[in-house]
Amino acid sequence: METKNAFTLSIDWEDFGQLLGRDRSGILTKPLAITIDRQTDIMLEMLDETGKKATFFILGMLAQYRPDLVKKIAAEGHEIGLHGQYHIDMRTLTRDQIFQDLNDSKNLVTNIIGTQIYGYRAPYFSIDNSNLYIMEMLAELGFTYDSSIFPIKLKRYGIANFCKEDTLYNLPNGKEIVELPLTVVQLYGKNVPIAGGGYIRAFPGFFLHRMFRKLNRNQQNVMLYMHPYEFDTKRIDCSTNYPADIAYSKIKTHLINLRWNLFRNSIRHKLKSLLQQYEFITCIKKAEYVKSNSHGATVLGRS
Ligand SMILES: [Zn+2]
């Protein structure tokens, strides 16, 4: 299989307990070591067993407590990308706040691994037509590629009719950036973002294989995106991750736990079988390929 056709596996490396606790209490706390350790080890083991490399988009607020784990991921030859500092929807921040989030997290993670970072994924895929200037900021900060755009309009994010192919763009500031958009497939006349953990969890294995074979045959890009908790072998209970005085009600706790755990155990098996069956390369390798095989960059408009 050529590089053009190779799949990419991206992991948004964040801790569900730390995020939930912060969103609930407004306080940034240390993540529970046992959970993120276990989840990270499971991912690294699966990648090692299948001989594949992935891209980990590192969240700064987790990296600041666990630089050891970031180093461990990098030491196994996986690409380290950036998922920002505080995991806040970019559409709620000012330009200055966005720049600060990007710059702070970039400096933090770069200092941990001691090498440059080339790629970025926005929290909640929150780059859309309202804040495309973030692409210019990324290029100015030295990023080669972004992978934050859903090329369809979904309820909470996405850009309608955005190019679904990996593309090199010329930016209004005279710089350029490669966009590696999230994968969508046409299913019964609807666009379905099939490559995310939630969909991989919900669809049966044979069906996923058929979809990915189709994408592969059509030479469409396949960007899988997962989160550490999706690999966990243990049941996840959100109530154990923050102090009792800020806990959710019993019903809410039950609903969150249901959402985190439903069919989750099937993910490891399905993902492993995809890793075994297809060629996978890191996002930066894909971005470099796109850059060197582009015949002139497309212009990305300023919003
Ligand atoms: Zn995230």
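This is a short tour of a predicted model, with one selection after another to make in your viewer.

**Stop 1: strand β1**

Select residues 8–13, which form strand β1. Is this strand mostly covered or mostly open? It is mostly covered, with six of its six residues buried.

Now turn the strand so that you can see its two sides. Side chains in a regular strand alternate between the two faces of the sheet. Thr8, Ser10 and Asp12 sit on one side of β1, and Leu9, Ile11 and Trp13 sit on the other. Both faces are covered, and every one of those residues is buried.

Next, add the neighbours. Show residues 223–226, strand β10. β10 and β1 run parallel and are paired over four bridges. To find one contact point, label isoleucine 11 and then methionine 226, its bridge partner in β10.

Then show residues 55–58, strand β2. β2 also runs parallel to β1, and four bridges join the two. Here the residue to label in β1 is serine 10, whose bridge partner in β2 is threonine 55.

**Stop 2: the zinc ion**

Select the zinc ion. Which residues coordinate it? Glu14 does so through OE, while His83 and His87 each use NE2. The distances are 2.0 to 2.1 Å. Along the chain, these donors follow the spacing E-x68-H-x3-H.

Look at where two of the donors sit. Glutamate 14 is in the loop between β1 and α1, and histidine 87 is in the loop between β3 (79–82) and α5 (95–113). The pair therefore ties together parts that are 73 residues apart in sequence. Glutamate 14 and histidine 87 are both buried.

**Stop 3: helix α1**

Select residues 16–25 to see helix α1, and pick out glycine 21 within this helix. Glycine 21 counts as buried because its relative accessibility is 3%, below the 20% cut-off.

Try a distance from here. Pick the C-alpha of glycine 21 and the C-alpha of aspartate 166: they are 35 Å apart in space. In sequence, the two residues are 145 apart. Keep aspartate 166 in mind for a later stop.

**Stop 4: the largest pocket**

Switch on a surface. Rolling a probe the size of a water molecule over the atoms shows where empty space is left. The largest pocket has a volume of about 1,200 Å³. It is lined by 40 residues, and those closest to its centre are Tyr124, Arg156, His227, Tyr229 and Arg259. Select these five to find the spot.

Which elements give two or more residues to this lining? They are α1, α7 (197–202) and α9 (250–261). The largest share comes from α9, with five residues.

Colour the lining by residue type. You should find 21 nonpolar, seven polar and 12 charged residues.

**Stop 5: the second largest pocket**

Select Lys4, Asp166, Thr167, Tyr289 and Val290. These lie nearest the centre of the second largest pocket, which is lined by 15 residues. Asp166, one end of the distance at helix α1, is among them. The volume here is about 230 Å³.

β6 (167–170) and α11 (283–292) each supply at least two lining residues. α11 gives the most, with three. By type, the lining has three nonpolar, eight polar and four charged residues.

**Stop 6: two cysteines**

Select cysteine 163 and cysteine 283. A disulfide is a covalent bond between the sulfur atoms of two cysteines. How many disulfides are there in this model? The count is zero. The sulfur of cysteine 163 is 17 Å from the closest cysteine sulfur, in cysteine 283, so the two are too far apart for a bond.

Compare their surroundings. Cysteine 163 is partly exposed, with a relative accessible area of 34%. Cysteine 283 is buried, at 1%.

**Stop 7: two loop residues**

Finish with backbone angles. Select asparagine 161, in the loop between β5 (145–146) and β6. Its phi is near 60°, a positive value in a residue other than glycine. Asparagine 161 is exposed, at 78% relative accessibility.

Last, select tyrosine 188, in the loop between β8 (185–187) and β9 (190–192). The phi of tyrosine 188 is near 50°, again a positive value in a residue other than glycine. Is tyrosine 188 buried or exposed? Its relative accessible area is 77%, so tyrosine 188 counts as exposed.

How values were computed:
Residues are numbered from 1 along each chain as its sequence is written. This is a predicted model: local features need pLDDT of at least 70, side-chain atom pairs count only at pLDDT 80 or more; totals for chains, interfaces and linings use all residues. Side-chain values use heavy atoms; hydrogens and water are left out. Buried means under 20% relative accessible area, exposed over 50%, partly exposed in between (1.4 Å probe, protein chains only). On a 1 Å grid over the protein atoms alone, a cavity is a set of points where a 1.4 Å probe fits but cannot get out, and a pocket is an open set with protein on both sides within 12 Å along at least five of seven lines; lining residues have an atom within 4 Å of a point. Grid points are joined across faces, edges and corners, and a volume is the space filled by probe spheres set on the points. Ala, Val, Leu, Ile, Met, Phe, Trp, Tyr, Cys and Pro count as nonpolar, Asp, Glu, Lys and Arg as charged, and the others, Gly among them, as polar. Two strands pair if DSSP finds at least two bridges between them. A disulfide is a pair of cysteine sulfur atoms within 2.5 Å. Donors are N, O and S atoms within 2.8 Å of the metal (3.2 Å for Na, K and Ca); water is not among the atoms, so sites may look incomplete.
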